[in-house]
Amino acid sequence: MTAYPDQPQATDVVLGGSISRGDAVLGGIEAVKQQLNQTPSSSPLSLNAKIAALHNALNYRQKGIAILIQALDDEVWEIHQTAYSLLEKHAATQTESALTQYSIRLAKEFLNRYEAGHRAFSRANLSGICLQWEILSEIDLSDANLSGAYLNRVDLTGAILKGANFNQTILNGVELSQANLSHVNLTGVSLKETNLSQAELTEANLRGADLSNANLQEANLTQGIIR
């Protein structure tokens, strides 16, 4: 049987019930486009609908990927973050240039939001982000994706980082005093000259991490693994 990926699918987002064009029900990729282009993101319900539409875009192969790339430029944080995560998981090799450009823009927007007073970035996707000498004290990055991030000399004093993904993250010289790093996997991570004094490292895994000249004074290593 011939497949028609642009036509309505069983997983399509419902736009307030059936929406007709003449006798035809609006569906397929056109439904995704309408949801993203016409629904405002000012309320949680409309934002959730847009996010659902982004997930649904993956059903439409290259046309859906094009929609996700376009969504990387959306002004709403939750929208472009969702698009970034979806493209990373499902189409990284096809969208390398777009993802690289987004990563550069993400760093700027992330810092602007922090300077504006935002501190809650739980579950944010900051993979590959490059930051140096920035002050991000008291920030909440719990369960955030920091894989491949370059955080040279960043001040994360008192930051909440429990459950964050530090796969291949560079943390040289980072200020992590009083930070919450419980239940994180820092296996093999570079922590040279990092200040971890009074940090919460309960059940953290630091096996193989480079702790050269790191300060672990008064850090809580309860059930943590270093070697």
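This short talk covers the core and the two largest pockets of a predicted model.

Let's start inside. The largest nonpolar core holds 62 residues. Which of them touch the most other members? Those are Phe110, Leu156, Leu161 and Phe166. A general point helps here: in soluble globular proteins, nonpolar side chains tend to be buried together.

Now, where does the core come from? Helix 1 (28-38), helix 2 (44-57), helix 3 (61-71), helix 4 (77-90) and helix 5 (96-115) each give two or more residues. Helix 5 gives the most, with seven.

Take Leu161 on its own. Leave out residues up to four places away in sequence, and Leu161 still touches Leu141, Ser142, Leu146, Leu156, Phe166, Leu176, Ala179, Asn180, Leu181 and Val184. Look at Leu156 and Phe166 in that list. Both were named a moment ago, beside Leu161, among the residues that touch the most other core members.

On to the pockets. The largest has a volume of about 240 Å³. Its lining has 14 residues, and the closest to the centre are Trp77, Glu78, Ser122, Arg123 and Ala124. Which helix gives the most to this lining? Helix 4 does, with five residues. By type, the lining divides into four nonpolar, six polar and four charged residues.

The second largest pocket has a volume of about 150 Å³. Lys33, Leu36, Asn37, Lys50, Ile67, Gln70, Ala71, Asp74 and Ile79 line that pocket. Helix 1 and helix 3 each supply at least two of these residues. Here the split is four nonpolar, two polar and three charged.

That's the tour. Thanks for listening.

Key:
Residues are numbered from 1 along each chain as its sequence is written. This is a predicted model: local features need pLDDT of at least 70, side-chain atom pairs count only at pLDDT 80 or more; totals for chains, interfaces and linings use all residues. Side-chain values use heavy atoms; hydrogens and water are left out. A nonpolar core is a set of buried Ala, Val, Leu, Ile, Met, Phe, Trp, Tyr and Cys residues joined through side-chain atoms within 4.5 Å. Buried means under 20% relative accessible area, exposed over 50%, partly exposed in between (1.4 Å probe, protein chains only). Helices (H or I, at least four residues) and strands (E, at least two) are DSSP runs, numbered from the N terminus. Contact means heavy atoms within 4.5 Å. On a 1 Å grid over the protein atoms alone, a cavity is a set of points where a 1.4 Å probe fits but cannot get out, and a pocket is an open set with protein on both sides within 12 Å along at least five of seven lines; lining residues have an atom within 4 Å of a point. Grid points are joined across faces, edges and corners, and a volume is the space filled by probe spheres set on the points. Ala, Val, Leu, Ile, Met, Phe, Trp, Tyr, Cys and Pro count as nonpolar, Asp, Glu, Lys and Arg as charged, and the others, Gly among them, as polar.
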